Amino acid sequence: MTSNCNNVQGTPEADSTTATAGDGTSASTASSRNPLLCFLCDDYYTDPCILLCFHTFCAKCVRVKSQDGRVICPLCGTHTTLKEGVQLPPPDYLMCKLIEVVNVENPPCANCDKRDTSSMYFCSTCGQALCKSCRENTHRAKMFSSHDIVQMSKRLADKTEICSKHDEKISYYSNTQKHVICTSCVREKPPDSRKACIDIDVAYNQNLKKLDRALIVSVWTALFLLIV
């Protein structure tokens with residue numbers, strides 16, 4: 001992230017005339033939106049870039065807003081000046097990771113790229129996600145009658161990780177081995193090693209706190225690199 005942060009230079013310069021988006025929506029409205037949607041194209045981020053003001057937009061949207069080596073944030077009016085020879089601000093790596101997770105848990109329709117959790121389905125036979133419209137149009141033929149199609153929400157709810165060794169539900173995390181294990185795995189360990197095995201929910205919360213601390217450090221580091 002350090003090398004990419006050198007893509008911008010200067011200090012924030014507000015422009016009160018651009019504190020609203022292209023559709024006239026105020027910046028305050030953005031706080032109630034899905035944080036994974038780009039404010040400009042109203043779709044899930046594609047190659048997200050982060051501006052000097054820490055607002056994020058798709059790379060393709062930033063290119064449209066870029067002029068004379070400068071990008072004016074449509075949300076707050078901050079000017080981000082790009083260094084000579086650089087066309088885009090640095091990538092927003094955190095948002096990239098979040099989008100990767102979304103693509104796994106809520107993949108877009110394989111036919112039309114639509115993504116709507118309330119009307120998404122998954123065809124286990126095809127191994128593809130389908131929106132309601134494409135499900136009706138592409139899978140209503142007789143040849144697809146034997147396909148196993150379920151609602152995406154049900155598929156995600158039923159998706160439980162199973163231990164490959166014991167065929168049991170994963171319920172613990174080993175701090176020494178750094179991976180998840182089942183109850184039988186814990187029982188097979190020597191007594192001293194069992195102390196390093198904790199409940200998976202506890203481990204999840206502990207790692208969330210570590211991630212929060214790491215995120216704070218990375219944000220302040222990026223801010224320092226952007227303004228010096």
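Guide: UniProt positions are given in the numbering used here, with feature names shortened, and its annotations may be inferred rather than shown by experiment. Residues are numbered from 1 along each chain as its sequence is written, and side-chain values use heavy atoms, leaving out hydrogens and water. This is a predicted model, in which local features need pLDDT of at least 70 and side-chain atom pairs count only at pLDDT 80 or more, while totals for chains, interfaces and linings use all residues.

Visitor: At which residues does UniProt place the feature "domain: RING-type"?

Guide: Over residues 38–76 the chain is 18% helix and 28% strand, helices (H or I, at least four residues) and strands (E, at least two) being DSSP runs numbered from the N terminus. The UniProt record, an unreviewed entry, places "domain: RING-type" at residues 38–76.

Visitor: In the hairpin of β5 and β6, which residue takes a positive phi?

Guide: Strands β5 (residues 70–72) and β6 (residues 79–82) pair in the antiparallel sense over three bridges, where pairing requires that DSSP finds at least two bridges between the strands. Val71 has Thr80 of β6 as its bridge partner. Six residues lie between the strands, and the positive phi, near 85°, belongs to Gly77.

Visitor: Is Ser174 buried or exposed?

Guide: Ser174 lies in strand β10 (residues 172–174). Buried means under 20% relative accessible area, exposed over 50% and partly exposed in between, with a 1.4 Å probe and protein chains only. Because its relative accessibility is 0%, Ser174 counts as buried.
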